[in-house]
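Colleague: I'm new to reading models like this one. Could we go through it together, one question at a time?

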Amino acid sequence: MENPFAEEPKPTSAWLWQVFTGVGLVILLGLHFIANHFVAKGGLRDFKEVVAYLRNPVILFLEVLFLLCVTTHALLGVRAILLDFGLSEPAERRLDQILKAVGILTVGYGLAVAWIVIR
Amino acid sequence: MWAYALNRITGIGLVVYLYLHLVVLSLLLRGQAAWDVFVTVARSPYVLALDVFLLAGILIHGLNGLRIALTGFGIGVGAQKALFVVVMVVSAVTLWVAAIKIFRI
Amino acid sequence: MNILKVPLQIFRYKPGQAPRYDTFTVEIPAAAHVIDAIDAVWAIHDQSVAFRRGCHHSSCGSCAIRINGVEKLPCITRVADVWDGHDPLRVEPLRNFPIVSDLVVDVTGLFQRMSAADMSMICEAEAFLPFTVDTFAVADLDPKLVELPENFSRFSRFEKCIECGICVSACPTMAADEKFLGPAGLAAIHQARKKTDDPVRVEHLLGLANGEHGVWRCHSAFECTEACPQAVDPAGKIMALRRELIARRFTKMMGK
């Protein structure tokens, strides 16, 4: 009987990306938090302040980077938890497809909102 | 075991919060009136209390995540238990300071 | 001699019956180990209690169970150290293995994973044996060097690891993911990797560990290392494998 554990599986980078985005988030989330809740007067920005905030190109760049990092990290985390349930090969592939789609939609939505607000 | 369980629970909580937050941001698309109403609600003490919970989740998940990143690269494996204690203490202290600041707003 | 009257609450399961707990009270010397108490239950009360025991000194790994919910080897765990003196001492089979009967679990999965590393290890003492039989004066056999049989590696064992399965039982990822190589399997890969310089074999071993259900499925709970009675430190071995895999990926990226 073939030993399924003796066959070399496909290598994976998911954990590495989890770590990189995680470390990135410590910095980016820290900045996001400070900018929005400790710099902003009263801890929150009203509409006019949000518009002004996002119109700053450096801020916009950092917030988009933050969105990319957090979406990647969050969905990789969901993936890790679901993979823990030992899915079949086709189910694993389907999961990756679904999460990729959710990720793209999430980032797309964020970019769209930012775009509309800036305008 | 606690580190693993806490990281998983806070992780799930934070994913839920992420999508809630993104949905709330759509209020920006409804214009100034809608957003400013939200800001008023967000300043209420009940929401601020929830924010403290959120911050707890962020601190525990983030700092424990750094610990997992370190040990996962083979650094400090022998000290992993001690590192977890440090993570929890730093989280608690930071949370305490932040909670005071939040409720003074 | 001090005698203890210990109530032992044993998990019972026979195929076709619902699982239950039976409590038996046995008298054992105060210095006795938990395996002695289980022996006493079998000898005095109920010979249908199924359990594994072997060397009584943590060499064979056969007797691994959970005592009050914690994975331990009962042959080296004194009753006095785990019994509070009044509540029943709870004894259950390992987690994450199919239960065959009572305290006996099917450990096929453990050996399957460990044999993936196809590692043969010869204890230092054996390496010096001349492999002749003149010492043993066996009739019909001339004293001569006996050739090792082709399948000799089947009989070899891992240095520190006694293949008891405690780490597998303690691992939260093993609880859910049947495809996970697990702490024992990954520690075996690490051990095999340390024992070879052959680049092809190293590549293969690291390749086994590099998959989605290899080192990367571990969530750093460190329960395996906590529970291991032999200080194998499977978690440390998993992290060491990760470090090597990442280093190799890095050098490949740098084009070295």
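Colleague: Into which domains is chain C divided?
Modeller: Happy to help, and keep in mind that this is a predicted model. Chain C has a domain assignment that gives it two parts, and domain 2 is written as two stretches of sequence. The parts are domain 1 (3–105) and domain 2 (108–122 + 150–253).

Colleague: How many residues does each domain of chain C bring to the contact between them?
Modeller: The centres of domain 1 and domain 2 of chain C, taken over C-alpha atoms, are separated by 29 Å. On the side of domain 1 that touches domain 2, the residues are 6 nonpolar, 4 polar and 3 charged. The contact takes 13 residues from domain 1 of chain C and, from domain 2 of chain C, 14 residues.

Colleague: Which helix gives the largest share of the largest nonpolar core?
Modeller: That core has 66 residues, and Ala37(C), Cys167(C), Ile189(C) and Ala209(C) touch the most other members. Domain 1 and domain 2 of chain C each supply at least three residues to this core. The largest share is 6 residues, and it comes from residues 182–194 of chain C, helix H7.

Colleague: Which residues does Cys167(C) contact, leaving aside its neighbours within four places in sequence?
Modeller: Cys167(C) is one of the core residues that touch the most other members. With those sequence neighbours left out, its contacts are Pro183(C), Ala184(C), Cys224(C), Ala227(C), Cys228(C) and Pro234(C).

Colleague: Where in chain C does the pLDDT stay under 50?
Modeller: Chain C averages a pLDDT of 85, and 84% of the residues score at least 70. Even so, residues 153–158 of chain C have a pLDDT below 50, with 9 contacts beyond near neighbours in sequence in the model. Where pLDDT is low, the predicted coordinates should not be read in detail. Another stretch, with 21 contacts beyond four places in sequence in the model, also stays under 50: residues 120–137 of chain C.

Colleague: Moving on to chain A, what pattern does it follow along the sequence?
Modeller: Its secondary structure comes to 4 helices and 0 strands. Read along the sequence, that gives the pattern α-α-α-α.

Colleague: What radius of gyration does chain A have?
Modeller: Start with the spans of its C-alpha trace along the principal axes, about 70 × 25 × 20 Å. Of its 119 residues, 18% count as buried. A compact globule of 119 residues would have a radius of gyration near 14 Å, but the value for chain A is 19 Å.

Colleague: Which helix gives the most to the side of chain A that touches chain B?
Modeller: This contact takes 21 residues from chain A and 21 residues from chain B. Helices H1 (14–39), H2 (47–55), H3 (57–83) and H4 (89–118) of chain A each supply at least two residues of that side. The residues on the chain A side divide into 14 nonpolar, 6 polar and 1 charged. With 6 residues, the helix that gives the most is H4(A).

Colleague: And which helix of chain B gives the most to the side that touches chain C?
Modeller: Here 9 residues of chain B are in contact with 13 residues of chain C. The chain B side has 5 nonpolar residues, 4 polar and no charged. The most, 3 residues, comes from residues 45–72 of chain B, helix H3.

Colleague: Last one: what ipTM does the predictor give the complex?
Modeller: The predictor gives two scores for the complex. The pTM is 0.83, and the ipTM is 0.88.

Key: Residues numbered from 1 in each chain as written. Chains lettered and ligands numbered in written order. Predicted model: local features only at pLDDT ≥ 70, side-chain atom pairs only at ≥ 80, totals over all residues. Contact = placed C-beta atoms within 7 Å. Nonpolar A, V, L, I, M, F, W, Y, C, P; charged D, E, K, R; others polar. Domains from an automatic or database assignment. Core = buried A, V, L, I, M, F, W, Y, C linked by C-beta atoms within 7 Å. Buried ≥ 20, exposed ≤ 12 C-beta atoms within 10 Å, placed from the backbone. pLDDT = per-residue confidence, 0-100. Rg over C-alpha atoms; globule rule 2.2 N^0.38 Å.
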